[in-house]
Amino acid sequence: MAVQIPAVDYLVLGDDPHLQAWRCDACSAAYFDRRNGCARCFGTAFTRKPVATEGVIKAFTRVERGAKEPFTSVVVDLGDGVNVKANLRGIDDPSEIKPDTKVRLVTFVAGVDDDGTEAVAFAFEVIA
Ligand SMILES: [Zn+2]
């Protein structure tokens, strides 16, 4: 099997792929990028914790880029104060997206280097 590396450092691969957020030790605010200080309470201690792999769409936009395939960018509310921006896969018609549409995390191979190492990215897919 090919060696796989996550495309972003907050994606954890393996049998149960999931995202991890830095949680402020003082107020539990969640950040996917590492912070030196919490924007909510100015705390400076953070702990990395897994977040839910399912959530609901809170906002979306359809992106058209000339000749390239259009895609849908979504903000997913994973609960517990965690929102993440990602692409939505498996929907061709944005009118199918309703408020609070339920989605789940999926991973896919975004690219392969000359040594065959696969870069794995994440997106969300509507739960049927
Ligand atoms: Zn805080």
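Colleague: Which element gives the most to the lining of the largest pocket?

Modeller: That's β7, with four residues in the lining. Keep in mind that this is a predicted model.

Colleague: Noted. Which elements give two or more residues to that lining?

Modeller: They are β7 (68-79), β8 and β10 (118-126).

Colleague: And which residues lie nearest the centre of the largest pocket?

Modeller: Pro70, Phe71, Leu88, Arg89 and Gly90. They belong to a lining of 14 residues.

Colleague: How much space lies in there?

Modeller: About 210 Å³ in the largest pocket.

Colleague: OK, new topic. What coordinates the zinc ion?

Modeller: Four cysteines, each through its SG atom: Cys24, Cys27, Cys38 and Cys41. The distances run from 2.3 to 2.4 Å.

Colleague: What spacing do those donors follow along the chain?

Modeller: The pattern is C-x2-C-x10-C-x2-C. Take Cys24 and Cys38 as a pair: Cys24 sits in strand β3 (residues 18-24), while Cys38 is in the loop between β4 (30-31) and β5 (46-50). They are 14 residues apart, and the pair links distant parts of the chain.

Colleague: Are Cys24 and Cys38 buried or exposed?

Modeller: Both of them are buried.

Colleague: What about the angles among the four donor atoms?

Modeller: Those are 100 to 114 degrees, and the site of the zinc ion is tetrahedral. For reference, the ideal angle for four tetrahedral donors is 109.5 degrees.

Colleague: Let's stay with the loop between β4 and β5. Where does Ala39 lie?

Modeller: Ala39 is in that loop, between β4 and β5.

Colleague: Is Ala39 buried or exposed?

Modeller: Exposed, because its relative accessible area is 59%, and the cut-off for exposed is over 50%.

Colleague: How far is Ala39 from His18?

Modeller: In space they are 24 Å apart, C-alpha to C-alpha, and in sequence 21 residues apart.

Colleague: Now Gln20. Where is its place?

Modeller: Gln20 is in strand β3. Gln20 counts as buried because its relative accessible area is 18%, and buried means under 20%.

Colleague: What is Gln20 in contact with, leaving aside neighbours within four places in sequence?

Modeller: Tyr10, Val12, Phe32, Arg48, Lys49 and Pro50.

Colleague: Arg48 sounds worth a follow-up. Which side chain does Arg48 meet in a salt bridge?

Modeller: The side chain of Asp9, at 3.9 Å from N to O. Asp9 lies in the loop between β1 (4-6) and β2 (11-12) and Arg48 in strand β5, so the bridge ties together parts that are 39 residues apart in sequence.

Colleague: How accessible are those two?

Modeller: Asp9 is exposed, at 58% relative accessibility. Arg48 is partly exposed, at 28%.

Colleague: How many salt bridges does the count come to?

Modeller: Four. Another one of them joins Asp100 and Lys58, whose side chains meet at 2.8 Å, N to O. Asp100 is in the loop between β8 (82-89) and β9 (102-112), whereas Lys58 is in strand β6 (residues 54-65), so that pair ties together parts 42 residues apart in sequence.

Colleague: And how accessible are Asp100 and Lys58?

Modeller: Asp100 is partly exposed at 42% relative accessibility, and Lys58 is partly exposed at 47%.

Colleague: Last one: what does Asp33 form a salt bridge with?

Modeller: With Arg35, where the closest N and O atoms are 3.3 Å apart. Asp33 is partly exposed, at 43% relative accessibility, and Arg35 is partly exposed too, with a relative accessible area of 27%.

Technical notes: Residues numbered from 1 in each chain as written. Predicted model: local features only at pLDDT ≥ 70, side-chain atom pairs only at ≥ 80, totals over all residues. Heavy atoms only, no water. Donors = N, O, S within 2.8 Å, 3.2 Å for Na, K, Ca; no water. Tetrahedral: all angles 85-135°; square planar, octahedral: opposite > 155°, others 65-115°. Buried < 20%, exposed > 50% of the residue type's maximum accessible area, 1.4 Å probe, protein only. Contact = heavy atoms within 4.5 Å. 1 Å grid on protein atoms, 1.4 Å probe; cavity = no way out; pocket = protein on both sides within 12 Å on 5 of 7 lines; lining within 4 Å. Points joined across faces, edges and corners; volume = space filled by probe spheres on them.
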